[in-house]
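Please open the model in a viewer and keep the sequence panel visible. The tour proceeds by selection, one stop at a time.

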Amino acid sequence: MTLTADNVGLYAETLVRQAVTAGYSLDYSAESLTTLDTLLAGSDPLYDLSSETQRSLVIFYVGCYLGEVMVRTLGGQWRLSDPWAESCVLIARAQAGIEIRPFEKLSRRLLEGEDGNRLAAYYQGIMELLAHGSVLRY
């Protein structure tokens, strides 16, 4: 799969539609990441049984959504790469800047589990870094 400025939001919207069919609402807000954490936690027991292709699809679609939340709520911009897993979201402020790697975060979430990898906490950590004027890769 190839990410472009024209399709990354469409891939995120695919996840939104899938969540609706399962009875969940994802609206690109910071709060929606708690819902996404709940969805991921419900699937945790299945990850070890999933093929590499299935895990990659989860990382891809959820990563697109996570990145889009950062773009829409924090004013970030995608820096798209090939391969897609190296794509990131850049958030720049007058005194601060952060490079966010949503696909790496999702990969860690699947490999290491929920503890220490909740997406809502990840977002909150980014907010705190921006508030303190940090410049880093997160």
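**Salt bridges and core**

Select Glu99 to begin: this residue is buried, with a relative accessible area of 17% (buried means under 20%, exposed over 50%, partly exposed in between; 1.4 Å probe, protein chains only). The model is predicted, local features need pLDDT of at least 70, side-chain atom pairs count only at pLDDT 80 or more, and totals for chains, interfaces and linings use all residues. Residues are numbered from 1 along each chain as its sequence is written, and side-chain values use heavy atoms, leaving out hydrogens and water.

Add Arg79, which forms a salt bridge with Glu99, with 3.3 Å between the closest N and O atoms (a side-chain nitrogen of Lys or Arg within 4 Å of a carboxyl oxygen of Asp or Glu). The pair links distant parts of the chain, 20 residues apart: Glu99 is in strand S3 and Arg79 in strand S1 (strands are DSSP runs of E, at least two residues, and helices of H or I, at least four, numbered from the N terminus). Arg79 is partly exposed, at 38%. Extend the selection to Arg101 and Glu104, which join Arg79 and Glu99 in a network of salt bridges.

Next, select Arg55 and Glu52, a salt bridge with the closest N and O atoms 3.1 Å apart. Both lie in helix H3, three residues apart.

Finally, show the largest nonpolar core, of 35 residues (buried Ala, Val, Leu, Ile, Met, Phe, Trp, Tyr and Cys joined through side-chain atoms within 4.5 Å). Helix H3 gives the most to this core, with 10 residues.
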